[in-house]
Amino acid sequence: MMATNGREARGLKENGAVTEEQPHANREAVRPQKFTFSPEPTMEDIRRMQAEFTDERDWDKFHQPRNLLMAMVGEVGEVAELFQWRGEVAEGLPGWTESEREQLAHELSDVLIYLLELAEKCRVDLPQAVLRKIALNRLKYPASKVHGSAKKYTEYED
Ligand SMILES: Nc1ccn([C@H]2C[C@H](O)[C@@H](COP(=O)(O)OP(=O)(O)OP(=O)(O)O)O2)c(=O)n1
């Protein structure tokens, strides 16, 4: 069997370009590494856990939509702080220490917790809303039309 260097096996040339024989339908194969989330907890699980956390502390009176939005944006800033001055960061965060990765996990979780509580307080059923939004995105950006281009939908002609 002919040896490959791994990049070729994934349909990548040395310069990172996808080889021509790589069919679009199989583009999952060009992703460097597969990563999936655990199935649990669900968004509803997290909403409920956060509701319990705030009820136990009598904090619901502080958690109006605008306060939650401010809190979430603050946490997004904390995520940004972890990336600042690092230049381009590659997928998988090579070179990051375990402690930096855990810090990032904490800050991303804070963002998610506040996002889900904000959605709850705004009566947005987020798991269903996200399905509708992805369906809309598919309509707005047909793969056949936009494949390989990151242009905004308003920049395409017809
Ligand atoms: N009034 C509050 C305060 C905190 N939390 C919860 C939700 C977040 O997941 C986390 C945020 O806690 P901090 O405000 O202490 O923020 P950090 O954990 O990011 O700490 P620091 O700002 O020191 O990095 O705690 C909450 O629900 N309501």
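# A five-helix chain and its ligand

Let's start at a turn: arginine 123 counts as exposed because 7 other C-beta atoms lie within 10 Å of its own. For this label, C-beta atoms are placed from the backbone, and a residue is exposed with 12 or fewer others within 10 Å, buried with 20 or more, and partly exposed in between. Arginine 123 is in the loop between α3 (98-121) and α4 (126-140). Its phi is positive, about 60°, although the residue is not a glycine.

Before going further, two notes on reading the model. It is predicted, so local features need a pLDDT of at least 70 and side-chain atom pairs count only at pLDDT 80 or more, while totals for chains, interfaces and linings use all residues. Residue numbers run from 1 along each chain as its sequence is written.

**Confidence.** The average pLDDT of the chain is 84, and 79% of the residues score at least 70; pLDDT is the predictor's confidence in each residue, on a scale from 0 to 100. Residues 1-29 have a pLDDT below 50, and this stretch makes 16 contacts in the model beyond near neighbours in sequence. Two residues are in contact if their C-beta atoms, placed from the backbone, lie within 7 Å. Where pLDDT is low, predicted coordinates should not be read in detail. For the model, ipTM is 0.98 and pTM is 0.80.

**Overall build.** The chain has five helices and zero strands, which gives the pattern α-α-α-α-α along the sequence. Helices (H or I, at least four residues) and strands (E, at least two) are DSSP runs numbered from the N terminus. Of the 158 residues, 4% are buried. Among contacts between residues at least 6 apart in sequence, 63% join residues at least 24 apart.

Three of the helices can be compared with their expected spans, where the expected value is 1.5 Å times one less than the number of residues.

| Helix | Number of residues | First to last C-alpha | Expected span |
|---|---|---|---|
| α1 | 14 residues | 20 Å | 20 Å |
| α2 | 19 residues | 28 Å | 27 Å |
| α3 | 24 residues | 35 Å | 34 Å |

**What follows each helix.** Just after α1 comes aspartate 58, with a positive phi of about 55°. Aspartate 58 belongs to the loop between α1 and α2, and is not a glycine. With 8 C-beta neighbours inside 10 Å, aspartate 58 counts as exposed. Just after α2, tryptophan 85 has a positive phi of about 70°. The residue with positive phi that follows α3 is arginine 123, where we began.

**A cis proline ahead of α1.** The peptide bond leading from glutamate 40 to proline 41 is cis, with omega near 0°. Proline 41 sits in the segment before α1 (43-56). Proline 41 is exposed, since it has 11 other C-beta atoms within 10 Å. Lysine 121 is 80 residues from proline 41 along the chain, and their C-alpha atoms are separated by 20 Å. Isoleucine 113 is 72 residues from proline 41 in sequence, with 12 Å between the C-alpha atoms.

**Inside α3.** Helix α3 holds isoleucine 113, which is partly exposed because 19 other C-beta atoms lie within 10 Å. Apart from neighbours within four places in sequence, isoleucine 113 contacts Ile46 and Gln50. The buried residues of α3 are Tyr114, Leu116, Glu117, Leu118 and Glu120. What covers them includes α1, α2 and α4. As background, an α-helix has 3.6 residues a turn, so residues three or four places apart point the same way.

**Around the ligand.** Which residues are around the ligand? They are Thr54, Trp59, Phe62, Glu78, Asp110 and Ile113. A residue is near a molecule if its C-beta atom, placed from the backbone, lies within 6 Å of it. This shell divides into three nonpolar residues, one polar and two charged. In that count Ala, Val, Leu, Ile, Met, Phe, Trp, Tyr, Cys and Pro are nonpolar, Asp, Glu, Lys and Arg are charged, and the others, Gly among them, are polar. Isoleucine 113 links this part of the report to the previous one: it is one of the residues around the ligand, and its place is in α3.
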